[in-house]
Structures are given as structure tokens and as C-alpha cells.
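Here is a friendly note to read with the model open beside you. Take the points in order, and find each residue on screen as you go.

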Amino acid sequence: MKALHRLLWGLGLLLLAVGGFWTWVYWPPGKASLKPEPPRDEVGYLPPQHVPSIDPPGRSTPLAGALPLAGAPETCDGTDAPDTAAAVNAASLSSLAWTPFGKPETGWEIYAPRIAAEIGTTCGPGSNGFASALARWQGAHGLQKTGVVDPTVFSAMLVRWHLARPFVRVNREGICPGAPPEANLELARPEESYGGKAIRMRPGALAAYRNMVAEAKAAGALTKPDALRIFSGFRAPDADAQRCARDKNCQGLIRTICSAHRTGLAMDVVIDAAPGFGPDSSADANRLVMARSSLFRWMVVNAPRFGFVNYAYEPWHWEWTGEPLLPGVPISSLPQEGSEPIMEPPEGSTSGKPAAAAGVRNRR
């Protein structure tokens, strides 16, 4: 009899154990689920998700042949934004008076591809689908869901775009990253450089660039002979300091006493150019032509897959994030000659630099 009791007692414990295990594995999680949230770094930055294509500014339907973001293709008639939002965006695209980088600009079309990628849509800026995607992005980031592009929305996005650049994350702490020994750099091939310049970069960055160019070519994104050729790579810190002292313009939008090009990970590439401008002119008319190009739209959504991030003011400037920056020095310890406050020449000057007070610090 005692043996039977022990057997029944053991079977009961076994059933309890099996039942507990089944409940733990299969019971649906409730509000108190302990599922961990996605990791964030110390500044709360989450990289934007990749989207397959960006529609040219002004279109109200997805680009022909564009892949859907998920499931069915976008119809661009979303209802998550107020009814007037699309009309407001369509008007402000070429008329908004603002100073996103410390100098007056008109319209936000230059930044439309970056904004569309950030909010995860292929719809044109004047569509209900674009406004709805923006409203959802605003809600997810604690902003009023207006569905309208304005300076407040852009500022929130710009912080994310800046912090996606390791150079900026170091620079904002008052540190200028170190430069690699020039013997460790690799020379780009003649067909990879623009205008016969000798371009040098860190080998890993150059390899990633070559992979990206190969895919861009296969995708049909390189429609001009010079497309994606590099016109600036590594720049030696002493040469940059001499230029600052000579030109007296290193605290403006265009140049700085601590340049990302000293890292060997930054490159300026040919995107496009307006008639009469070069591929490095920051005149608004020139940047607008670049922003409208199919190559820039391809870069916005595909370059991050190869480890490249963009400085939003310059469509041509990209930095590779595949290797850590080298230990640096305080920016205050760098030669300061040439960093006095200046006024940039007006647009249309031979330099092609924008008109602005140089108190705005460049992060390039």
C-alpha cells in the first residue's frame, strides 16, 4: 500500500512539472511580458530602416517598378494625417522659408529623399501617403501628428542623421579623431577618381565603396560616365590646417578645423551637377539637382547597406562606418588660425559656397 501511495505521489509531481512547463512555453504573453526592447545606445538613436526606393519629388503615386515596403504596394492615399497635410506639404516643398543649417533656404525638396527614407515611404512629398507616413513617424517620436514637414520635424530627424555618423558622436564630445598613417592607406584606381586626382582611403572603406559601385552599376543607377567617382578622400590634417590658415574659412558650413576627411573613411563622390556648377558646389540650385537625381535616391536607400552614412547638407559626402575611428585629440588643441568668424561668399560666386555667417559649425 505504501508503495502504491509513493507511486501515485510521484506521478502527481510529474504531471505538475509537465503542466508548469507547458504553461511557461505556450501561454500567450500578456501586458506584463518580459520581452526585452530593442537595444538603444546612450543617446537613444535607432538607425532608420532600409526602404527599397524613393519616389521623385512631386509624384503622388509610387515610382513605377518600386518594390512594396511590406505586403501590398503603397497606394499613397493614407488617412493617418489631417486632410490638409498633403496640400501643405506640396506647397511648402518649394516655398518654405527656413534656415535648416544656419543659412536661409527656400523649400525642402533638397531633403525630400532623406525624409522619405526616414519615415519609410515611397510616396511623393505632396501625397496623402507621404503625410500619413510622416504623421505615424511623428507619433512614434513624441511629436504632434500633423503630417506636415516643418523645421521642428526636420530638426528631430537631423539629430538622428547626425548621430548616425561616428565622426559626429566623437566630435560633439570635443574630440577630433586621429588620422591613420599614410602608409596604411590605399590608392584608388584611376577609373575610381575624378579629374585624375590621387585619392587615398583606408582599405576597408575603399573595398566597401567598390562593392557599392558594383551594385549601383548592376541596378542601372550609374547613368553618367563620372557617376560615383571620388573627388576627395583622405586629407592630411597638416594640409587642411594650412588651407584653413590661407583661406580663412574654416568655421563655416563648408569647412571646419576638424574634418571627417582626416579619418580616411570619408569620401566625396560625383552625384550630379547643375549647368555651370561642379560636383562639389553647395549652391542650393546644385544640391537640388543632386537631390532630384535617381543616383542620389539610390544612395539614400542603399549606401547604408554597405556601411556608408551621409552628411545631410552635402549629397556628395559619405562616411564609412565599418571600422572604428582612431584615438584623437581635443579640438581645442588643433591649430585655430583661419577659424575666425567670417561671412561666406554669396551664391553664384566662383567658390560656389552658400551665403551664411560662419558661426554655424560644420560637422563635415
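**Notes on the predicted model**

1. Let us begin with helix α3 (residues 112-119), which is mostly covered, as eight of its eight residues are buried. The buried residues are A112, P113, R114, I115, A116, A117, E118 and I119. Please bear in mind from here on that this is a predicted model.

2. What do the buried residues of α3 pack against? Their partners are α4, α5 (151-163), α9 (284-292), α10 and β8 (308-310). Just after α3 comes G120, which has a positive phi of about 75°.

3. Now look at how α3 meets α5. The two axes come within 11 Å and cross at roughly 80°. Angles from 65 to 115 degrees count as roughly perpendicular, so α3 and α5 are roughly perpendicular to each other. On the α3 side the contact involves R114, I115, E118 and I119, and on the α5 side F154, M157, R160 and W161. Sorted by class, this contact of α3 with α5 has five nonpolar, no polar and three charged residues.

4. Next, try V149, found in the loop between α4 and α5. Is V149 buried or exposed? V149 is buried, because its relative accessible area is 3% and buried means under 20%. The residues that V149 touches, leaving out those up to four places away in sequence, are N89, S92, W108, I115, F130 and L134. You have already met I115 as one of the buried residues of α3. For W108, compare sequence and space: V149 and W108 are 41 residues apart in sequence, and their C-alpha atoms are 8.3 Å apart.

5. Two of the residues touched by V149, N89 and F130, also take part in a helix pair. Helix α2 and helix α4 (residues 128-140) pack at an angle of about 100°, and their axes are 8 Å apart. That angle makes α2 roughly perpendicular to α4. A85, A86 and N89 of α2 make the contact with N128, F130 and A131 of α4. The residues of this contact of α2 with α4 divide into four nonpolar, two polar and no charged.

6. Here is another helix pair to compare. Helix α7 (residues 203-218) and helix α10 (residues 294-302) have axes that come within 12 Å and cross at roughly 125°. α7 and α10 are therefore oblique to each other, and their crossing is right-handed. In this pair, M212, E215 and A216 of α7 meet W298, M299 and N302 of α10. By class, the contact of α7 with α10 holds four nonpolar, one polar and one charged residues.

7. Stay with M299, which sits in helix α10. Its relative accessibility is 0%, so M299 counts as buried. Which residues does M299 touch, not counting residues up to four places away in sequence? They are M212, L228, I271, P304 and W318. M212 is one of the α7 residues in the contact with α10. Along the chain M299 and V309 are 10 residues apart, and 9.4 Å separates their C-alpha atoms.

8. Two residues deserve a look at their backbone. Most residues other than glycine have a negative phi. Phi of L228 is near 65°, a positive value in a residue other than glycine. L228 is in the loop between α7 and β6 (230-232), and L228 is buried, with a relative accessible area of 1%. L228 is also among the residues that M299 touches.

9. The other one is C76, where phi is near 65°, again positive in a residue other than glycine. C76 is placed in the loop between α1 (2-26) and α2 (85-92). With 6% relative accessibility, C76 counts as buried.

10. Finally, step back to the chain as a whole. How many helices and strands does the chain have? There are 10 helices and 10 strands. Of the 364 residues in the chain, 47% are buried. Taking contacts between residues at least 6 apart in sequence, 68% join residues at least 24 apart. The chain exposes about 18,200 Å², and carbon and sulfur atoms supply 60% of this area.

Conventions
Residues are numbered from 1 along each chain as its sequence is written. This is a predicted model: local features need pLDDT of at least 70, side-chain atom pairs count only at pLDDT 80 or more; totals for chains, interfaces and linings use all residues. Side-chain values use heavy atoms; hydrogens and water are left out. Axes are lines fitted to C-alpha atoms, for helices over the stretch in contact, and angles run from 0 to 180 degrees between N-to-C directions. Helices (H or I, at least four residues) and strands (E, at least two) are DSSP runs, numbered from the N terminus. Angles under 35 degrees count as roughly parallel, over 145 as roughly antiparallel, 65 to 115 as roughly perpendicular and the rest as oblique. A crossing is left-handed if the near helix is turned anticlockwise from the far one by less than a right angle, and right-handed if clockwise. Contact means heavy atoms within 4.5 Å. Ala, Val, Leu, Ile, Met, Phe, Trp, Tyr, Cys and Pro count as nonpolar, Asp, Glu, Lys and Arg as charged, and the others, Gly among them, as polar. Buried means under 20% relative accessible area, exposed over 50%, partly exposed in between (1.4 Å probe, protein chains only). Accessible areas come from the Shrake-Rupley method with a 1.4 Å probe; for residues, only the protein chains shown count as cover.
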